[in-house]
Amino acid sequence: MNSVRNRTIYLIIILMALGVAPLVRAEVKPWNASAVLQLSDDLFAAARQLGIECRMSPPKYDDASSSDHLEFRYHVRHFVSVANDLSQALEDGKSMMETQPIFETLMSMMPELKRYSDKKTGGPWPVVSKSVVKVDEIVEELSPYYAPR
């Protein structure tokens, strides 16, 4: 009885894996240099706008925790710099393999940007949070182009 149950569970897991596999492969987009370049330019513009909003909208923290805002501004400046690097590399005709590390750096930076913008009490003004969401949306649009093949 126990053996039949275990085999049934394994069969269900295998069927689920086979059903999900085409969905995972569907997220991979073939490399389209012009589309990726346009998205990277959009990302750089959105990141610059985030920097502007961050500078113009002081944090809603009390004086004791303003260091979070300074740390966030550092992350934003770094993100803008890396987004510019990606855009420039793609403009120079670099391939997916050559720009993959730059994109992965951007992906690894997103949790820090989101962590600050998702704070429920205090934190940034809504305009800053909206700018982070815009940046994240563009990064998500770029992700299928850099998905493992």
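Me: In what handedness does H2 pass H5 in this model, and what makes a crossing count as that hand?
Reply: In this predicted model, H2 passes H5 in a left-handed crossing. The term applies because the near helix is turned anticlockwise from the far one by less than a right angle.

Me: Why are H2 and H5 called roughly antiparallel to each other?
Reply: The two helices pack at an angle of about 165 degrees, with their axes 9 Å apart. Angles over 145 degrees count as roughly antiparallel, and H2 and H5 are therefore given that description.

Me: Which residues in H2 and H5 meet?
Reply: On the H2 side they include Val36, Leu39, Ser40, Leu43, Ala47 and Leu50, and on the H5 side they include Val128, Val132, Val135, Ile138 and Leu142. Charged residue types appear in the list too, among them Asp42 and Glu53 in H2 and Lys134 and Glu141 in H5.

Me: What makes H4 and H5 roughly antiparallel as well?
Reply: The axes of H4 and H5 come within 10 Å and cross at roughly 150 degrees. With the cut-off for roughly antiparallel set at over 145 degrees, H4 and H5 are therefore placed in that class. The crossing of H4 and H5 is left-handed, and among the residues that meet there are Phe103, Met107 and Met110 in H4 and Val132, Val139 and Leu142 in H5.

Me: How many helices and strands are there in the chain, and in what order do the elements run?
Reply: The chain has 5 helices and 0 strands, and from the N terminus on its elements run α-α-α-α-α.

Me: How do you know that Ser40 counts as buried?
Reply: Ser40 is found in helix H2, and its relative accessibility is 0%. Buried means under 20%, so Ser40 falls in that class. Leaving aside neighbours within four places in sequence, Ser40 is in contact with Leu86, Ser87, Leu90 and Leu142.

Me: Where is Ser87, and why is Ser87 called buried?
Reply: The place of Ser87 is in helix H3, which covers residues 67-91. With a relative accessible area of 4%, Ser87 is under the 20% cut-off and therefore counts as buried. Apart from neighbours within four places in sequence, the contacts of Ser87 are Leu37, Ser40 and Asp41.

Me: How many aromatic pairs does the structure hold, and what describes such a pair?
Reply: The structure holds 2 aromatic pairs. A pair of aromatic rings is described by the distance of the centres and the angle of the planes.

Me: Why is the pair of Trp31 and Tyr146 called edge-to-face?
Reply: The rings of Trp31 and Tyr146 lie 5.3 Å centre to centre, with 75 degrees between the planes. Centres within 6.5 Å make a pair and planes over 60 degrees apart count as edge-to-face, so the name follows from both values. Trp31 lies in the loop between H1 and H2 and Tyr146 in the segment after helix H5 (126-142), so the pair ties together parts that are 115 residues apart in sequence.

Me: What makes the pair of Phe103 and Tyr146 stacked?
Reply: The ring centres of Phe103 and Tyr146 are 4.5 Å apart and the planes stand at 10 degrees; planes under 30 degrees apart count as stacked, so the pair is given that name. Phe103 lies in helix H4 (residues 96-117) and Tyr146 in the segment after H5, so this pair ties together parts that are 43 residues apart in sequence. Trp31, Phe103 and Tyr146 form one aromatic cluster.

Me: Which of these rings' residues, Trp31, Phe103 and Tyr146, are buried or partly exposed?
Reply: Tyr146 has a relative accessible area of 3% and Phe103 one of 4%, and with the cut-off for buried at under 20%, Tyr146 is buried and Phe103 is buried. Trp31, at 29%, is partly exposed, since that class lies between the 20% and 50% cut-offs.

Me: Why does Asn32 count as partly exposed, and what joins its side chain to Ser34?
Reply: Asn32 lies in the loop between helix H1 (2-26) and helix H2 (33-56). Its relative accessibility is 34%, between the 20% and 50% cut-offs, so Asn32 counts as partly exposed. A polar contact of 3.0 Å joins the side chains of Asn32 and Ser34, and the C-alpha atoms of Asn32 and Met96, 64 residues apart along the chain, are separated by 9.4 Å.

How values were computed:
Residues numbered from 1 in each chain as written. Predicted model: local features only at pLDDT ≥ 70, side-chain atom pairs only at ≥ 80, totals over all residues. Heavy atoms only, no water. Helix = DSSP H or I, 4+ residues; strand = E, 2+ residues; numbered from the N terminus. Buried < 20%, exposed > 50% of the residue type's maximum accessible area, 1.4 Å probe, protein only. Polar contact = N/O pair within 3.5 Å; in protein donor to acceptor, adjacent residues only side chain to side chain. Phe/Tyr/Trp six-rings, centres within 6.5 Å; stacked < 30°, edge-to-face > 60°. Axes fitted to C-alpha atoms, helices over the stretch in contact; angles between N-to-C directions. Parallel < 35°, antiparallel > 145°, perpendicular 65-115°, else oblique. Contact = heavy atoms within 4.5 Å.
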